[in-house]
Amino acid sequence: MKAYVVGGAVRDALLQRPVNDRDWVVVGATPEDMLDAGYTPVGKDFPVFLHPQTHEEYALARTERKTAPGYHGFVFHAAPDVTLEQDLQRRDLTINAIARAEDGTLIDPCGGQRDLAAKVLRHVSAAFAEDPVRILRLARFAARFPDFSVAPETLALMRQMVEAGEVDALVPERVWQELATGLMETRPSRMLEVLRDCGALARLLPEVDRLWGVPQRPEFHPEVDTGAHLLLVLDQAARLQAPLAARFAALCHDLGKGTTPPEEWPRHIAHEARSERLTRELCARLKPPSECSELALVVAREHTHIHQAATFGAAAVLRLLERCDAFRRPERFELALLACEADARGRLGLEHADYPSAPLLRQALQAGLDVDTARVAAEAQARGAKGPQIGDAIHMARANAVAMAI
């Protein structure tokens, strides 16, 4: 019975990147051997155990065989006679198929070190095509390692998988899981580029894929193409270290431009309402967390008004804050400003431009929040006001505060 560190821990150590956790593969053992040694079983589909002291995962070496379409149709075989090399052969990418023995020796039957040096994402074997999740995983690895290229033969295999309908078998929850991880990587634009190159983006996120080839007014968008703009916006969101909800809002903010009639190009009148509707449909399909979907809807509907806030009077600023529910949910509004700042800077040559809307709206919001609404309500009640009249009094108090602030 021998244990080897495998996968991401070995890869990241070779890249001199931080190693946050380690996965182990055990060769020459049975489940009974692991239980006798004090390990705790946790695996559902195949034998995985937690180390009694470190609680790291130890999986028995295994092989797998495809039995049905999609990514659920697999039969796993774990037994003492399964070799380390056989276990490594079933992995997705060569850079993830390197093992390290306890003495530090590297076992690399698939050429992972070579591809790390060449900065190439390459599939281990034709078995890559048996699991469509691997397309998503490769795309998010491209976002994590933006200077890595996809091997031509791997890209060709991914295209074949898409054409065969493999990605159509992916359940929305798994798509969201991989998409969310990719959005949080160093350069999320690379994930979309890879998915688009292999044809998977059109199948998984058709609302997003439609943005390419749609022009915008060059005086506002020097990059012109709406898809190119989206890539810049996502990378700006990453540069701003935006949380997931803001990055997802950035992804969805301009979806409506993909449905603008070509005869109206390069203008996109009322694209905000279409963006909101398409975002709602996308969220109903992918089922992201509510904080992501709710923020995305606000940004899709209001991003143009947020951009224009510096030209608004106090009344219009107050209406914008109220539509965004900023007084009740100031933290969410702050994320909306972050997504809109990424949108404004996600334009060719404007990556470092100032974004005056953000400080103005923050100042206006704080002024409105500083209003003692309980006191205003009590004074209105003392004058005989009821129901909506009390709300009107609070609105007027905030309007005065916002007017003084800006």
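The exercises below, each with a worked solution, concern a predicted model.

**Exercise 1. The aromatic cluster**

Find out how the rings of Trp-24 and Tyr-58 are arranged, and then determine which residues are linked into a cluster by ring pairs.

Solution. Begin with the search of the whole structure, which finds 5 aromatic pairs. In one of them, the rings of Trp-24 and Tyr-58 have their centres 5.0 Å apart and their planes at 5°. Planes under 30 degrees apart count as stacked, and therefore this pair is stacked. Next, place the two residues in the chain: Trp-24 belongs to strand β2 (residues 23-27) and Tyr-58 to strand β5 (residues 57-60), so that the pair links distant parts of the chain, 34 residues apart.

Then turn to the pair of Tyr-39 and Tyr-58, which has a distance of 5.2 Å centre to centre and an angle of 65° between the planes, and which is edge-to-face. Because Tyr-39 lies in the loop between α2 (31-36) and β3, while Tyr-58 lies in strand β5, this pair ties together parts that are 19 residues apart in sequence. Putting the steps together, ring pairs link Trp-24, Tyr-39 and Tyr-58 into a cluster.

Finally, check the accessibility of each member, using the rule that buried means under 20% relative accessible area. Trp-24 has 12% and counts as buried, Tyr-58 has 7% and is buried, and Tyr-39, at 13%, counts as buried as well.

**Exercise 2. Cysteines and disulfides**

Decide how many disulfides the count comes to, and explain why the sulfur of Cys-252 has no bond to the closest cysteine sulfur.

Solution. The rule asks for a pair of cysteine sulfur atoms within 2.5 Å. For Cys-252 the closest cysteine sulfur is in Cys-283, and because the distance is 5.6 Å, it is too far for a bond. For Cys-340 the nearest cysteine sulfur is that of Cys-324, 8.1 Å away, and Cys-340 is in no disulfide. The count for the structure comes to 0 disulfides. As a further step, look at accessibility: Cys-252 is buried, with a relative accessible area of 1%, and Cys-340 is also buried, with a value of 0%.

**Exercise 3. The cavity and its lining**

Describe the largest cavity by its volume, and work out which element gives the most residues to its lining.

Solution. The search of the whole structure finds 1 cavity of 30 Å³ or more, and about 50 Å³ of space lies in the largest cavity. Its lining consists of Leu-136, Val-175, Glu-178, Leu-179, Met-191, Leu-195, Leu-204 and Leu-205. The elements that give two or more residues to this lining are α7 (172-183) and α8 (189-198), and α7 gives the most, with 3 residues. Sorted by character, the lining residues divide into 7 nonpolar, no polar and 1 charged.

**Exercise 4. Charged residues**

Locate Asp-45 and state whether it is buried or exposed, and then find the rings over which the charged ends of Arg-140 and Arg-398 sit.

Solution. Asp-45 has its place in the loop between β3 (40-41) and β4 (48-50). Since exposed means over 50%, Asp-45 is exposed, with a relative accessible area of 62%. From C-alpha to C-alpha, Asp-45 and Asp-131 are 15 Å apart in space, and they are 86 residues apart in sequence.

For the arginines, the charged end of Arg-140 sits over the ring of Phe-141, 5.3 Å from its centre. The charged end of Arg-398 sits over the ring of Phe-327, at 4.1 Å from the centre of that ring.

Notes: Residues numbered from 1 in each chain as written. Predicted model: local features only at pLDDT ≥ 70, side-chain atom pairs only at ≥ 80, totals over all residues. Heavy atoms only, no water. 1 Å grid on protein atoms, 1.4 Å probe; cavity = no way out; pocket = protein on both sides within 12 Å on 5 of 7 lines; lining within 4 Å. Points joined across faces, edges and corners; volume = space filled by probe spheres on them. Helix = DSSP H or I, 4+ residues; strand = E, 2+ residues; numbered from the N terminus. Nonpolar A, V, L, I, M, F, W, Y, C, P; charged D, E, K, R; others polar. Buried < 20%, exposed > 50% of the residue type's maximum accessible area, 1.4 Å probe, protein only. Phe/Tyr/Trp six-rings, centres within 6.5 Å; stacked < 30°, edge-to-face > 60°. Lys NZ or Arg CZ within 6 Å of the ring centre and 35° of its normal.
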